[in-house]
Amino acid sequence: MKVKNNIILALDVMNMKEATEICEKLEKDLDTIKIGYPLTLAEGLEAVSEIKETFNFKVICDYKVADIPATNSKICNQTFKAGADAIICHGFVGQDSVQACADEAGEFNAEVFLLTEMSHPGAKLFLQENADAIAKMGVDMGIKNYVAPATRINRLKEIREIVGKDAFIISPGVGKQGGDVKETLTYANAAIIGRSIYESDDPQKALKDFISLI
């Protein structure tokens with residue numbers, strides 16, 4: 001996946017009116033957005049379809065899929081039917097559950113991003129100690145796309161070393177959570193930025209400011 005300006009917007013707003021207004025302001029400088037549960041639960045999967053139809057964006061659905069294989073397949077099927085280009089799934093549920101997501105993505109010519117370690121402090125408690133093993137599992141499975149934290153550059157660096165230079169890593173935690181965009185892009189292919197842009201008084205300027213730092 002190619003990402004314009006190496007920045008993905010995390011569009012975690014709660015209604016389509018606000019989402020559309022933000023997208024209109026940023027569409028010249030972005031081509032990839034990440035939609036999570038906040039917008040989807042508020043507006044339904046139609047939010048994905050509407051954004052795909054209105055804007056020329058690639059859409060990554062950040063549902064952190066983490067269930068048994070049969071349920072993962074159903075979640076991914078509905079997500080890709082709505083028009084999503086990619087979905088994020090957890091790796092701690094094991095190879096069979098991740099494979100179910102990958103198989104469904106293959107049916108739609110879509111992509112799966114394997115989440116190795118999250119960006120918030122609580123991820124250190126359980127996820128961090130298993131993140132390397134999750135990344136290695138992904139490599140063994142032939143997974144090409146990964147999620148690793150911008151808030152802990154040493155961990156991002158270590159995960160990059162495991163998955164290799166040809167893997168595609170997107171990294172959350174830049175901005176409000178404290179991650180630095182330039183440092184993050186030393187190891188990641190794209191930085192995920194949300195509140196620092198969409199909560200700004202001038203989202204377009206906020207985005208341009210991040211771009212200027214790269």
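# Aromatic pairs and a buried strand residue

At a relative accessibility of 32%, phenylalanine 108 counts as partly exposed, because that value falls between the 20% under which a residue is called buried and the 50% over which it is called exposed. The model in which this ring is found is a predicted one, and the overall form of the chain is described here before the account returns to this phenylalanine.

The chain contains 10 helices and 8 strands. A compact globule of 214 residues would be expected to have a radius of gyration near 17 Å, and since the chain has 16 Å, the two values agree. The C-alpha trace spans about 40 × 35 × 30 Å when it is laid along its principal axes. Of the contacts in the chain with a separation of 6 or more, 67% are made by residues that stand 24 or more positions apart, and 52% of the 214 residues count as buried. What remains accessible is a surface of about 9900 Å², of which carbon and sulfur atoms supply 48%. As for charge, 24 side chains are positive and 32 are negative, with 5 Å between the centres of the two sets.

How many aromatic pairs does a search of the whole structure find? The search returns 4, and two of the pairs are followed here in detail. Tyrosine 37 and tyrosine 63 form a stacked pair, in which the ring centres lie 5.1 Å from each other and the planes make an angle of 20°. This pair links distant parts of the chain, given that tyrosine 37 belongs to helix α2 (residues 37–43) whereas tyrosine 63 belongs to strand β3 (residues 58–65), with the two positions 26 residues apart in sequence. The partners have separate labels for accessibility: tyrosine 37 has a relative accessible area of 40% and is therefore partly exposed, while tyrosine 63, with 4%, is buried.

The second pair brings back the residue of the opening sentence, for the rings of phenylalanine 80 and phenylalanine 108 have centres 5.8 Å apart and planes at 35°, so this pair is tilted; planes have to be under 30 degrees apart to count as stacked. Because phenylalanine 80 lies in helix α4 (residues 69–81) and phenylalanine 108 in the loop between α5 (95–107) and β5 (111–115), the pair ties together parts of the chain that are 28 residues apart in sequence. Phenylalanine 80 has a relative accessible area of 4% and so is buried. Leaving out residues up to four places away in sequence, phenylalanine 80 touches Asp85, Ala86, Ile87, Glu104, Ala105, Phe108, Ala110 and Glu111. Lysine 124, by contrast, is 44 residues from phenylalanine 80 in sequence, and the C-alpha atoms of these two residues are 31 Å apart in space.

Another phenylalanine, at position 126, sits in the loop between β5 and α6 (128–141). Is this phenylalanine 126 buried or exposed? Its relative accessible area is 61%, and phenylalanine 126 is therefore exposed. Leucine 39 lies 87 residues from phenylalanine 126 in sequence and, from C-alpha to C-alpha, 27 Å away in space.

Isoleucine 170 is part of strand β7 (residues 168–172), and because its relative accessibility is 0%, isoleucine 170 counts as buried. Which residues are in contact with isoleucine 170, once its neighbours within four places in sequence are set aside? The list comprises Ile8, Ile60, Ile88, Phe113, Tyr146, Val147, Ala148, Ala190 and Ile192. Proline 149 is 21 residues from isoleucine 170 along the chain, and the C-alpha atoms of the two are separated by 8.4 Å.

The backbone deserves a closing look. Most residues other than glycine have a negative phi. Asparagine 5, which is not a glycine, nevertheless has a positive phi of about 60°; asparagine 5 is placed in the segment before β1 (7–10) and, with a relative accessible area of 29%, is partly exposed. Lysine 64 likewise has a positive phi, near 40°, without being a glycine. This lysine 64 is found in strand β3, and at 27% relative accessibility lysine 64 counts as partly exposed.

Notes
Residues are numbered from 1 along each chain as its sequence is written. This is a predicted model: local features need pLDDT of at least 70, side-chain atom pairs count only at pLDDT 80 or more; totals for chains, interfaces and linings use all residues. Side-chain values use heavy atoms; hydrogens and water are left out. Helices (H or I, at least four residues) and strands (E, at least two) are DSSP runs, numbered from the N terminus. The radius of gyration is taken over C-alpha atoms; the globule rule is 2.2 Å times the number of residues to the power 0.38. Buried means under 20% relative accessible area, exposed over 50%, partly exposed in between (1.4 Å probe, protein chains only). Contact means heavy atoms within 4.5 Å. Accessible areas come from the Shrake-Rupley method with a 1.4 Å probe; for residues, only the protein chains shown count as cover. Lys and Arg count as positive and Asp and Glu as negative; His and the chain ends are not counted. The place of a charge is taken as NZ of Lys, CZ of Arg, CG of Asp or CD of Glu. Rings of Phe, Tyr and Trp (its six-membered ring) pair if their centres lie within 6.5 Å; planes under 30 degrees apart count as stacked, over 60 as edge-to-face and the rest as tilted.
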